[in-house]
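Here is a short briefing on one structure, written for use at the bench. Please look over the sequence and the structure before reading on.

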Amino acid sequence: MVTKTLRAPYDGIVMAAPVTIPYVRYSVESAQWWIGQAIRELVTQAGIKVSDIDGLCVSSFTMGPDSGVGLTQHFGLCVRWLDTIPLGGASAIAALRRAARAVQAHDADIVACVAGDANHVDSFRLTLENFSRFNQDAVYPYGAGGANSSFALIARNYMRTYGVTREDLGKIAVSQRANALRNPHALMKSPLTMEQYLAARPISDPIHLFDCVMPCAGAEAFLVMRDDTAKSLGLPAAKLLSTIERYNAFAEDPMQVRGGWAMDIDELYAMAGVKPDDLDVVQTYDDYPVIVMMQFEDLGFCRKGEGADFVRQHDLTIGGDFPHNVSGGQLSVGQAGAAGAYLGLVEGLRQVLGTAGPTQVKDAKLALASGFGMINYDRGLASGAAIFAGPSR
Amino acid sequence: MIEPIKPPGRKNPLLRTRLPTAPPRPRSRKSHGFTRAAAEGRFMLQCCEACGTFCYPAREACPSCLSSGLAFVDAPRRGTLLSETTARVPSDVYFRERAPWRAGLIKMDCGPIIIAHLHADCVETAAVLMSFQLDKSGQAVAFARPEGETPNMADDRQWRELTADPKFRRVLVTNGRSVVGQEAAMALKAAGAKTVFVGIAEPWRPFPGESALRGHEGIEIVALDAADEKSVNDLAADIGGKVDILVNTTEYVRAGGLLDRRGTSVMRDEIDQAYLGFVNLAQGFGPAMRMRGADGVNNAAAWVNVLSVYALANWPAFGAYSASQAACLSLSHCLRAELRPGGVKVVNLFTGPVDNEWFQTVPPPKVAPRAVASAIVSALKNGLEDVYVGDVAEEIRQRLAANPKALERELDR
Amino acid sequence: MQSKNLLELASAISSGAVRVVDLTFTLSPDFPVIVLPPEFGQAAPVRIQEISRYDGRGPAWYWNNVTFGEHTGTHFDAPIHWFTGKDLANNAVDTMPTRDMMAPACVIDCSAQAAKDPDFLLSIADVEAWEAKHGKIPARHWVLLRTDWSKKGWRDYANLRDDGAHTPGPNPAVMKWLVEERGIIGFGTETIGTDAGQAGHLDPPYPAHHFLHGGGRYGLQCLCNLDQLPPTGAVIVAAPLKIQNGSGSPLRVIALVAS
């Protein structure tokens, strides 16, 4: 039997230069345009030259037929380390993990992690159609409800199993909207009340309109390097404490009621040397409120089945006792394809760097960001999480 | 509880006829194992030859042991509906105009999880029976229905999208001179067809069974000689816009093969009647049917060919006839592809020798014309594509699958 | 004969002084054909297939491909059609003398008898009765049997019952007599076939075919408009297609009738 070993610690690995290219609902620009703008903003914010970037990690649903290789020539990059990560909602955590080990091993010094997606009027439907082989064979032909229908099946079963009400899920969406109203770049700009949430039109029962993210175009990015590099550049940076990722966990569960986090959560906190209670900001992957609730359980804030209680007992807004998805999350900012995976992490980075502006949580030093995604068939297969700390901690 | 569908009223001529759209079509090559199962009305799943694990969706390797030996085998149909959803704003045009659309996730008793279209009477946490059906793209989809019978079960809206039930539809049986044609007309009428048009070639020639056919309520005799282009076009001009199901019962059977026949005139007749007749019917009726694939409750739904099972393997005693049937079989695949954009099914019935005068000297078992007729109705009601009627046809199917060469040698007797 | 007379005929035709009566049914797929037991070889039915009709298949023109058996529609039987005439010289439609294609006709009206009895058989007595009124049938004349059968709907026209067709025709004796004693050039009917529907049960079977073709004479069938012809004096033009070694052919049959 092969012995499972613990992950080696990160040693002086930092993240810097959180970049968001403000989202738009529809854009005629291509994914390459959005990714190019994000890299330009990285360089500007970090005060480096393009040639200083010697590692690149990109994620995009819509940059086909390009891969990362084509982008190096497109953007005039000469890198010695390159990765293309097509892991959907887990892409940001995965990119961070790859880049961290690359700079730790001196395979690269400065890795640019970027995600960006176009949103043409028809691109969302095309993405749904061509999502995966199992999806194409055995999901999409059943009403073509896309992710909404897949998550609806999960949500309905979860709600029935654990006695979760729509109000419980609504509180997550309503709180995030409150946060988003402080984020000038959020696509959702009007307040959302619980009454409005409950009265929204059904999309794929029990998923209603405000349970869904709005597909849009946009890009997100950050840099990964060693702290000596950051210091030499005079760059404020956040220290990476621990990460996990997992695929196809709990395959024996007939329906998904938990994500892969639950397999790795003990090591996540042990490696970081923190407890869940120590976190100042939690940025979950919020493609649907039900997945957020599942993460509250699986990331160790409460036990399985107690997610609804946990939500009822906490204030999830910026000023609350459990600041969560403080920029508004994908539910209120928009989901810019693979950039949606980055949204929580990049905002969390701003939080611990103290540069979040109107959405800043007071004295935020320690943050957790998670990723989730890829409903290949009947469940989300990918999960990941990272804990990182600001310079003041 | 399903409300019975109502007989459709007359069409409003001021409204544009809804054009057919199709559900998503792309599939992996492997998943056409389900297409094959659905075509024959079987429920098959991949089962690992090494470890016995059933799996789904279609895979290239067993998720339990990574063996590539995943054979499609008949599988237990029972499962439990774990969760359901109703898609109300699908992104795809076909489903959007049919929304709300109900689908669910079923845990099969034999293991796999299957996402399926749901019969309206399926209940969460209760048992369901699974089948594979062909949708309007011609692709296999899983369909779950309650374990027991429920009232008006066949009238379920989503089920009707996958079938071609004759209820309230108008049917053309192309050849009412044959007993098969007459039985088919009666059976379709009994199955709820609004009108059954029955084609009679050379109406000046009387034929047995004529008076029963003429006196039958809802059966309308029309002049139709499928082998005559003009006759077909004249009839299509008359009724082409209201034929929802066309049942091609052309029958031209002559014994004999090649060497003991002199010349080509019998061959020509066989080709004229069976093959060119099919061509004429397709050209006459196909375009309107393809256009009317989504035209309400009584939309164009299916084209049925009654073929000999010897279309699949030549029987030298009826060798030239077998060849004419093989030509029709090949053509049916072309027709299937061309009618597909309309969502119109092409059903092939493969019969063994029918109990009629042309197979008089052939020993039993033979297929009763009535059995062919009920197989037609059943194929339409269940949305099948390939149907083997009678013991001989079923045996040929199995022997062909086992070893086509052995079948060829053994048919030469 | 002087060419002047021929020109007079042409001018009489042109002016209408000589009527041209069409004795032909339209050649169409719907027209009944002879019914044989299905195990025998069958006459190919008439098929008309469009090649193009001012469309993509031929933008400026309309034409058809036509197929049919030699014995379909209003048609001509040559001696080679029957075994009794198989060894005669010039017995096919391509070799028969062209002068045989035009000849006068005697029209025997049996429409009253046929209306009463679909199995009516023309006898020598019937012809003698006709001769008593109109004179002896001259040699090299057509004898046309008028039954008004051509006015019927097609089901009644074919008049098929469980024991076969029931349509009028000649009896064996009159056929032998017309060929041998009167020297007729041919015999024509309105029905499908020069013989009666039940003629297979006569002795010899199909006497019209047997004696006509055995004697090198011709048959015409599926004629119409015989009621527009006088008992005597009409001239029949019946020129079959020149099919190599053909046993017969559909054709246009016209009659010239002085008014």
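Which residue in S15(C) stands opposite C:Ile236? The residue is C:Ala255. The model is a predicted one. The points below start from the sheet of chain C, then turn to domains, chain contacts and a helix pair.

**The sheet of chain C**

- Nine strands of chain C form an open sheet, and its pairing is mixed.
- The strand order is S1-S15-S13-S5-S7-S11-S12-S4-S14.
- Strand S1 (18–22) and strand S14 (248–250) of chain C are the edge strands. Each of these two pairs on one side only.
- On average, neighbouring strands of this sheet are turned by 25° against each other, direction ignored.

**Strand S13 of chain C and its partners**

- Strand S13 of chain C covers residues 234–238.
- In a regular strand, side chains alternate between the two faces of the sheet.
- S13(C) shows such an alternation. C:Ala234, C:Ile236 and C:Ala238 point to one face and are buried. C:Val235 and C:Val237 point to the other face and are not buried.
- Strand S15 (residues 253–258) of chain C pairs with S13(C) in the antiparallel sense, over four bridges. Here C:Ile236 faces C:Ala255 across the pair.
- Strand S5 (residues 102–109) of chain C also pairs with S13(C) in the antiparallel sense, over four bridges. C:Met102 stands opposite C:Val237 in this pairing.
- S5(C) runs parallel to strand S7 (residues 142–146) of chain C, and five bridges join the two. C:Ile108 has C:Leu145 in S7(C) as its bridge partner.

**Domains of chain A**

- The domain assignment splits chain A into domain 1 (13–122 + 217–233) and domain 2 (123–207 + 238–389).
- The C-alpha centres of domain 1 of chain A and domain 2 of chain A are 22 Å apart.
- In the contact, 35 residues of domain 1 of chain A meet 38 residues of domain 2 of chain A.
- On the domain 1 side, four elements of chain A supply at least two residues each: strand S1 (13–24), helix H3 (91–104), strand S4 (110–117) and strand S7 (217–226).
- That side of domain 1 of chain A holds 19 nonpolar, eleven polar and five charged residues.

**Domains of chain B**

- Chain B is assigned domain 1 (32–161) and domain 2 (170–411).
- Their C-alpha centres lie 31 Å apart.
- Eight residues from domain 1 of chain B and nine residues from domain 2 of chain B make the contact.
- Helix H1 (32–40) and strand S7 (127–134) of chain B are the elements that give two or more residues to the domain 1 side.
- By class, this side of domain 1 of chain B has three nonpolar, three polar and two charged residues.

**Contact of chain A with chain B**

- 30 residues of chain A touch 32 residues of chain B.
- Helix H4 (123–129), helix H5 (133–138), helix H6 (146–162) and strand S5 (202–204) of chain A each supply at least two residues of the chain A side.
- H6(A) gives the most to that side, with six residues.
- The chain A side divides into 16 nonpolar, seven polar and seven charged residues.

**Contact of chain C with chain B**

- 13 residues of chain C are in contact with eleven residues of chain B.
- On the chain C side, strand S2 (47–55) and helix H4 (154–158) of chain C are the elements that give two or more residues.
- H4(C) has the largest share of that side, at four residues.
- Eight nonpolar, three polar and two charged residues make up the chain C side.

**A helix pair in chain B**

- Two packed helices are described by the angle between their axes and the distance between the axes.
- Helix H10 (residues 391–402) and helix H11 (residues 404–411) of chain B pack at an angle of about 130°, and their axes are 5 Å apart.
- H10(B) is therefore oblique to H11(B).
- B:Ile396, B:Arg399 and B:Leu400 in H10(B) meet B:Pro404, B:Ala406 and B:Leu407 in H11(B).
- The residues of this contact are five nonpolar, no polar and one charged.

Definitions and conventions
Residues are numbered from 1 along each chain as its sequence is written. Chains are lettered from A and ligands numbered from 1 in the order in which they are written. This is a predicted model: local features need pLDDT of at least 70, side-chain atom pairs count only at pLDDT 80 or more; totals for chains, interfaces and linings use all residues. Domain bounds come from an automatic or database domain assignment. Two residues are in contact if their C-beta atoms, placed from the backbone, lie within 7 Å. Ala, Val, Leu, Ile, Met, Phe, Trp, Tyr, Cys and Pro count as nonpolar, Asp, Glu, Lys and Arg as charged, and the others, Gly among them, as polar. A residue is buried if 20 or more other C-beta atoms lie within 10 Å of its own, exposed if 12 or fewer, and partly exposed in between; C-beta atoms are placed from the backbone. Two strands pair if DSSP finds at least two bridges between them. Axes are lines fitted to C-alpha atoms, for helices over the stretch in contact, and angles run from 0 to 180 degrees between N-to-C directions. Angles under 35 degrees count as roughly parallel, over 145 as roughly antiparallel, 65 to 115 as roughly perpendicular and the rest as oblique.
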